[in-house]
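User: Can you walk me through this one? I'm new to it.
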Amino acid sequence: MESLKNGDEKAYKFLLNKFHRKLNAYALTLVNDHSMAQDIVQNVFLKTWKNRIKLNAEFSIQSFLYKSVYNEFINTYQQNKAMMLLQQKYVDSLQQVVETTDESSIERMLAIINKEIQNLPPKCQKVFILSKKEGLTNIEIAEHLEISIKTVEAQISKAFKILKEKLKDNYNMMLFLLFHSPQKEYSKT
């Protein structure tokens, strides 16, 4: 424990070798999903290393690690539950717009939105289309266009600002529903 607190990588490797399989099996009993269990255990080991100075040498490292896996499971569960609620609100909003708007109005709105997208500055338009219509991540767009990720983010923000300004309140809900999938947005950050 002292070696770990002092930043000894051998102590950290020893910890990994001794507990990784056991903690992974424990996490699997909690989540019943191999990749999620691995993520939980990996997060626990990363946090343990990052906060190693705060470890108390008087406590059992085994108990600490098992308790940390449980706490990480609870955090993951709460985050997933919050994400499910957000996705449900998104689906409910979409359903409300679809139910209260006739098909010809939706088609007209889409045509107007697409026209405004075509009127965006060329670089802004290209980035926006790759992101929101093609579904590429910011990293993929940056690599594809050979620009920085910050430039990609700035161009997407600029596109939304221009579109909101041009489309006004009537189309903001449609714009939001078309291009702000909660799952997609959170996975890109």
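Analyst: Below we take the salt bridges, then one helix. This is a predicted model, where local features need pLDDT of at least 70, side-chain atom pairs count only at pLDDT 80 or more, and totals for chains, interfaces and linings use all residues. Residues are numbered from 1 along each chain as its sequence is written, and side-chain values use heavy atoms, with hydrogens and water left out.

User: How many salt bridges are there?
Analyst: The count is 2. A salt bridge here is a side-chain nitrogen of Lys or Arg within 4 Å of a carboxyl oxygen of Asp or Glu. One joins Lys47 and Glu72, at 2.7 Å from N to O. Lys47 lies in helix H3 (residues 34-50) and Glu72 in helix H4 (residues 61-100), so this pair ties together parts 25 residues apart in sequence. Helices are DSSP runs (H or I, at least four residues), numbered from the N terminus.

User: Is Glu72 buried or exposed?
Analyst: Glu72 is buried, at 9% relative accessibility. Buried means under 20% relative accessible area, exposed over 50%, partly exposed in between (1.4 Å probe, protein chains only). Lys47 is partly exposed, at 42%.

User: And which side chains does Lys150 meet?
Analyst: Lys150 forms a salt bridge with Glu153, at 4.0 Å from N to O. Both lie in helix H8 (residues 149-179), 3 residues apart, about one turn of the helix. Lys150 is exposed, at 63%.

User: New topic. Which residues are buried in H7?
Analyst: In H7 (residues 138-145), Asn138, Ile141 and Ala142 are buried. They fall within an arc of 100 degrees seen down the axis, so they line one face of the helix. The arc is that of the directions from the helix axis to the C-beta atoms.

User: What about the other side of H7?
Analyst: There, Glu143 and His144 are exposed.

Conventions: Helix = DSSP H or I, 4+ residues; strand = E, 2+ residues; numbered from the N terminus.
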